[in-house]
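Let's take a friendly walk through a protein and its ligand. Have a look at the picture, and then we will go through it step by step.

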Amino acid sequence: MLFKRLLATAAKSVQGPVLQDVVIIGGGPAGLSLLAALKSSSITRNLKCTLVEGSSLEGIREFADSPPEEYTNRVVSLTPKSVEFMQSKIGNWEFMNQDRIKFYNNIIAYDSQDRTSRIVFDGSAIEAGFLAVMAENVNIQSSLLQRISQLKEEGVDSTILDNTKVLSIGSALKEAEAASESTNIMSENVATASDWPIVNLSDGSSIQTRLLVGADGFNSPVRKYAGIQSRGWAYDRFGVVATVKLQYEDYRSIGWQRFLTTGPLAILPLTEDNATIVWSSTPELSEILIACDEQIFPELVNAAMTLDEVSLNFIYAKLKKNPNDFSVLDDIPWRQSRLKVNDLEENYPLPVTEVVPGSRARFPLKLSHADTYTSARIALVGDAAHTVHPLAGQGLNMGQGDVQALVEAIEKGVTRGMDIGSTLVLEPYTSNQWPGNHVLMGVCDKLHKIFSTDWYPIVFLRGFGMKNLNMLDFVKDMMIKNISGR
Ligand SMILES: Cc1cc2nc3c(=O)[nH]c(=O)nc-3n(C[C@H](O)[C@H](O)[C@H](O)COP(=O)(O)OP(=O)(O)OC[C@H]3O[C@@H](n4cnc5c(N)ncnc54)[C@H](O)[C@@H]3O)c2cc1C
């Protein structure tokens, strides 16, 4: 058996690398969207494409026929622009499990330091008729895999290698250049060597490609191979996610976000009595949120949505000593009883009653932006190109924008008979996509910084800003159109 495998591996290396037009590394939402979009376009569908994913996609394939009973904890808010792209260009929207997505139309954002500072965003100004849609990552990925299979049945072929890691990337040109440098002799090989990247895989095979796309997340091996710098910083914050049950189904169709000094806490609606939570928190608080008992967690969320920061700090201090200090279950309702019942019912989210067991997880938050998204024979999309604070729910949506812009650039290259790996074809992708992403990332970063202080002058100014902004409907409509990608 082992001998056979060794023979197969040896045979592969003797045959040399397989040649492809496009190799995509990463089977996350960005990579699968790119493969499906390239294969859906009548202009690019004949390109030979392979996608390589390090982990198994089996669970995602199974989701189509046997989705889990409860919502999974990785849920994103999709903008109308991303939805339109999936509906009209990629064609995967019809494969989404429609019973597990939730359209919503309003966002209410409010400040923990000043009860009167709040902004209500209303999506009715948007043509699409909705502000955003909540969908699980696995639902999006599953719909993309189904679309790719549908295209295969129609004769539009592509290859997906999952459970296959990229071990290294090189090119004959880079090797020849390195050899010249070490000997200090200008080798003839440099002039003749191919600059097509060669991707060496964990199954022993290698692929040589005209264009290599890194959709391989924050630590992108493709970005490293290309020598593209990525700049940014860690926030010293974790995004704690969880699936929760509300007291009953909320028919108000609202996403709630409270800005706390430890970071914003969002409760976003799912179908029926389900909701998802993204709680950006300090490392210390995130440890409490993960460690505390399943009975305490919902009450902590309710407390953080309603109580003042002094009360919250008192509760956190108790839980820091013992994350299962059940006395907080008496403290929280007692402190909430100082609020008027009408106020609680009208101006705050419905109480959370349960957390779905095993759904709590935390992710370190950071900002990073690659200096460019392209170089010769290389393009980056999604988190490989940029990672952003989740407070405005933009990361995956920016990735969809990248895919759309990259496919447009490749389509132009194919139409004009150009080499799709050349910088001439790829450069317009960077110039169309990078500046807008940079502005959006800057806005998310500033929002995080402005709201994570309790220094009075800033609290006063942001309260003044929020109250005035809330009265200026036309400015809010403009902001909504921008955030929703319209
Ligand atoms: C708490 C939180 C909440 C969020 N909420 C939102 C939201 O509401 N809206 C929104 O738009 N975005 C949101 N985001 C961001 C969003 O989740 C990400 O932007 C998105 O999932 C990134 O997708 P991707 O495909 O670019 O990268 P990834 O999902 O990271 O995929 C990269 C893939 O590359 C593979 N890979 C890496 N290295 C190799 C290798 N050597 N060989 C083979 N394969 C490899 C990995 O296995 C992985 O599958 C949120 C993020 C967080 C943390």
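## Around the ligand

In this predicted model, a nitrogen atom of the ligand has a backbone N or O atom of Val166 at a distance of 3.0 Å. The protein covers 82% of the 1000 Å² of accessible area that the ligand has on its own. Two further backbone contacts are worth finding on your screen. A polar backbone atom of Gly395 lies 3.4 Å from a nitrogen atom of the ligand, and an oxygen atom of the ligand is 2.8 Å from a backbone N or O atom of Leu396.

Which residues come nearest to the ligand? They are Ala30, Glu53, Ser77, Asp383 and Leu396, out of the 28 residues around the ligand. You have already met Leu396 through its backbone contact with an oxygen atom of the ligand. By kind, the shell is made up of 11 nonpolar residues, 12 polar ones and five charged ones.

Now see where the shell comes from. At least two of its residues are supplied by each of α2 (29–40), β3 (75–78) and α14 (395–415). Of these, α14 gives the most to the shell, with three residues.

Why does the ligand lie between domain 1 and domain 2? Both domain 1 (1–77 + 137–229 + 371–448) and domain 2 (103–136 + 235–363 + 449–483) give residues to the shell, so the ligand lies between them.

## Salt bridges across the chain

Next, let's turn to charged side chains. The structure holds 13 salt bridges. Here are three of them, with the N to O distance of each pair.

| Salt bridge | Distance, N to O |
|---|---|
| Arg210 and Asp21 | 3.3 Å |
| Arg61 and Asp162 | 3.2 Å |
| Arg100 and Glu136 | 2.8 Å |

Start with the side chains of Arg210 and Asp21, which meet in a salt bridge. The pair links distant parts of the chain, with Arg210 in strand β11 (residues 206–214) and Asp21 in strand β1 (residues 18–25), 189 residues apart. Arg210 is partly exposed, with a relative accessible area of 25%. Asp21 has a relative accessible area of 17% and is buried. The cut-off behind that word is under 20% relative accessible area.

The two residues also belong to something wider: a network of salt bridges links Asp21, Asp195, Arg210, Arg377 and Asp419.

Move on to Arg61, which forms a salt bridge with Asp162. Arg61 sits in helix α3 (residues 58–63) and Asp162 in the loop between β8 (159–161) and β9 (166–170), so this pair ties together parts that are 101 residues apart in sequence. With a relative accessible area of 33%, Arg61 is partly exposed, while Asp162 counts as buried at 18% relative accessibility.

The side chains of Arg100 and Glu136 form a salt bridge too. This pair links distant parts of the chain: Arg100 is in the loop between α4 (80–90) and β4 (102–104), and Glu136 is in strand β7 (residues 132–136), 36 residues apart. Are these two residues buried or exposed? Arg100 is buried, with a relative accessible area of 7%, and Glu136 is buried as well, at 0%.

## An enclosed helix

Helix α10 (residues 296–306) is a good place to practise thinking about burial. Since 10 of its 11 residues are buried, α10 is largely enclosed by the rest of the structure. Among the buried residues of α10 are Ile296, Phe297, Leu300, Val301 and Met305.

## A few residues to look up

Two residues have a positive phi although they are not glycines. Ser253 has a phi of about 55 degrees, and its place is in the loop between β12 (230–246) and β13 (254–260). At 17% relative accessibility, Ser253 counts as buried. Glu272 has a phi near 50 degrees and is found in the loop between β14 (263–269) and β15 (274–281). Glu272 is exposed, with a relative accessible area of 54%.

Last, try Thr374 in strand β18 (residues 374–375). Thr374 is buried, with a relative accessible area of 8%. Which residue does its side chain meet in a polar contact? The partner is the side chain of Thr430, at 2.7 Å.

Notes:
Residues are numbered from 1 along each chain as its sequence is written. This is a predicted model: local features need pLDDT of at least 70, side-chain atom pairs count only at pLDDT 80 or more; totals for chains, interfaces and linings use all residues. Side-chain values use heavy atoms; hydrogens and water are left out. A residue is near a molecule or strand if one of its heavy atoms lies within 4 Å of it. A polar contact is a pair of N or O atoms within 3.5 Å; within protein, one must be able to donate a hydrogen and the other to accept it, and residues adjacent in sequence count only if both atoms are side-chain atoms. Accessible areas come from the Shrake-Rupley method with a 1.4 Å probe; for residues, only the protein chains shown count as cover. Helices (H or I, at least four residues) and strands (E, at least two) are DSSP runs, numbered from the N terminus. Ala, Val, Leu, Ile, Met, Phe, Trp, Tyr, Cys and Pro count as nonpolar, Asp, Glu, Lys and Arg as charged, and the others, Gly among them, as polar. Domain bounds come from an automatic or database domain assignment. A salt bridge is a side-chain nitrogen of Lys or Arg within 4 Å of a carboxyl oxygen of Asp or Glu. Buried means under 20% relative accessible area, exposed over 50%, partly exposed in between (1.4 Å probe, protein chains only).
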